[in-house]
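Please walk me through this structure, beginning with a single side-chain contact and working outwards to the pockets and the helices around them.

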Amino acid sequence: MKEASNQLNRIDRHILRILQEDGRITYAELARQVGLTTTPCIERVKRLERQGYIRSYTALVNPELLDAGLIVFVQIRLNRTSKDSFERFKNAVNQLPEVQECYLVSGNFDYLIKARVADMSAYREFLGETLLTVPGVQESTSIVVMEAVRETLTIPIPYR
């Protein structure tokens, strides 16, 4: 994808930076901030969407107000006796609403999961009654977040 990002000009990059900060900005205001008129700005945004630079738009909600204030990272090691254990695990974990992120990783475990739940009691239930029952899970290690110091979805976009 590095080559693709080099195809973006200065204005495209500026549009992406602004939209990451405020996805609800009007086209008129976006155009003003990047130094274009509205129609060419809209065309650029639509092109960035078509080319896959902009995947979607979303609202960031307050997890504390929605009983999802506890963040837990879970390291998962799979039982590799079945050759489809990775695929079965991926399919199962994609059905769990508590799981915000899941990564296949290198190292001493196979997957790293970021989950959000209401509290420690909810996490114990999620772990024991849901996550550890997923096919192929052999072992887990939990890391409970005491304070979220920085949490962002923003991707750094070079100015070049």
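In this predicted model, a useful place to begin is the side chain of K114, which makes a polar contact with the side chain of E151 at 2.7 Å. K114 belongs to strand β3, which covers residues 111-117, and the residue counts as buried because its relative accessibility is 9%, below the 20% under which a residue is called buried. Leaving out residues up to four places away in sequence, K114 touches I71, V72 and F73, the run E98, V99, Q100 and E101, and also E151, the residue whose side chain takes part in the polar contact.

E151 leads on to a pocket. Together with L60, V61, Q100 and R116, E151 lies nearest the centre of the second largest pocket, which is lined by 14 residues. The elements that give two or more residues to this lining are β2 (99-104) and β3. The pocket holds about 420 Å³ of space, and its lining residues divide into 7 nonpolar, 3 polar and 4 charged.

The largest pocket has a volume of about 1300 Å³. Its lining is made up of 28 residues, and those nearest the centre are Q20, S56, L153, T154 and I155. By residue class, the lining of the largest pocket comprises 14 nonpolar, 8 polar and 6 charged residues. Which element gives the largest share of this lining? That share, 5 residues, comes from helix α2, residues 10-21.

Helix α2 can be followed from its N-terminal end, where N9 acts as a cap, with a side-chain oxygen that lies 3.0 Å from the backbone nitrogen of I11. The end C-alpha atoms of the helix are 17 Å apart, which agrees with the 16 Å that its 12 residues should span at 1.5 Å a residue. The buried residues of α2 include the hydrophobic-looking names one might look for, I11, I15, L16, I18 and L19, along with D12, R13 and R17.T154, one of the residues nearest the centre of the largest pocket, sits in the segment after β4 (137-144). Is T154 buried, partly exposed or exposed? At 31% relative accessibility, T154 counts as partly exposed, since that value falls between the 20% and 50% limits. When residues up to four places away in sequence are not counted, T154 touches Q20 and E21. T154 and P97 are 57 residues apart in sequence, and their C-alpha atoms are 22 Å apart in space.

The last stop is helix α5, which runs over residues 85-93 and contains S85. S85 counts as buried, because its relative accessibility is 1%. A polar atom of the S85 side chain lies 3.5 Å from the backbone oxygen of N79, and N79 is also among the contacts of S85 beyond four places in sequence, together with L78 and R80.

F89 lies in helix α5 as well, and at 0% relative accessibility F89 counts as buried. Apart from its neighbours within four places in sequence, F89 is in contact with I76, L78, C102, Y111, I113, V134, P135 and V137. From F89 to S56 the separation is 33 residues in sequence and 26 Å in space, C-alpha to C-alpha; S56 is one of the residues nearest the centre of the largest pocket.

Definitions and conventions
Residues are numbered from 1 along each chain as its sequence is written. This is a predicted model: local features need pLDDT of at least 70, side-chain atom pairs count only at pLDDT 80 or more; totals for chains, interfaces and linings use all residues. Side-chain values use heavy atoms; hydrogens and water are left out. Helices (H or I, at least four residues) and strands (E, at least two) are DSSP runs, numbered from the N terminus. Buried means under 20% relative accessible area, exposed over 50%, partly exposed in between (1.4 Å probe, protein chains only). A polar contact is a pair of N or O atoms within 3.5 Å; within protein, one must be able to donate a hydrogen and the other to accept it, and residues adjacent in sequence count only if both atoms are side-chain atoms. Contact means heavy atoms within 4.5 Å. On a 1 Å grid over the protein atoms alone, a cavity is a set of points where a 1.4 Å probe fits but cannot get out, and a pocket is an open set with protein on both sides within 12 Å along at least five of seven lines; lining residues have an atom within 4 Å of a point. Grid points are joined across faces, edges and corners, and a volume is the space filled by probe spheres set on the points. Ala, Val, Leu, Ile, Met, Phe, Trp, Tyr, Cys and Pro count as nonpolar, Asp, Glu, Lys and Arg as charged, and the others, Gly among them, as polar. The expected span of a helix is 1.5 Å times one less than its number of residues.
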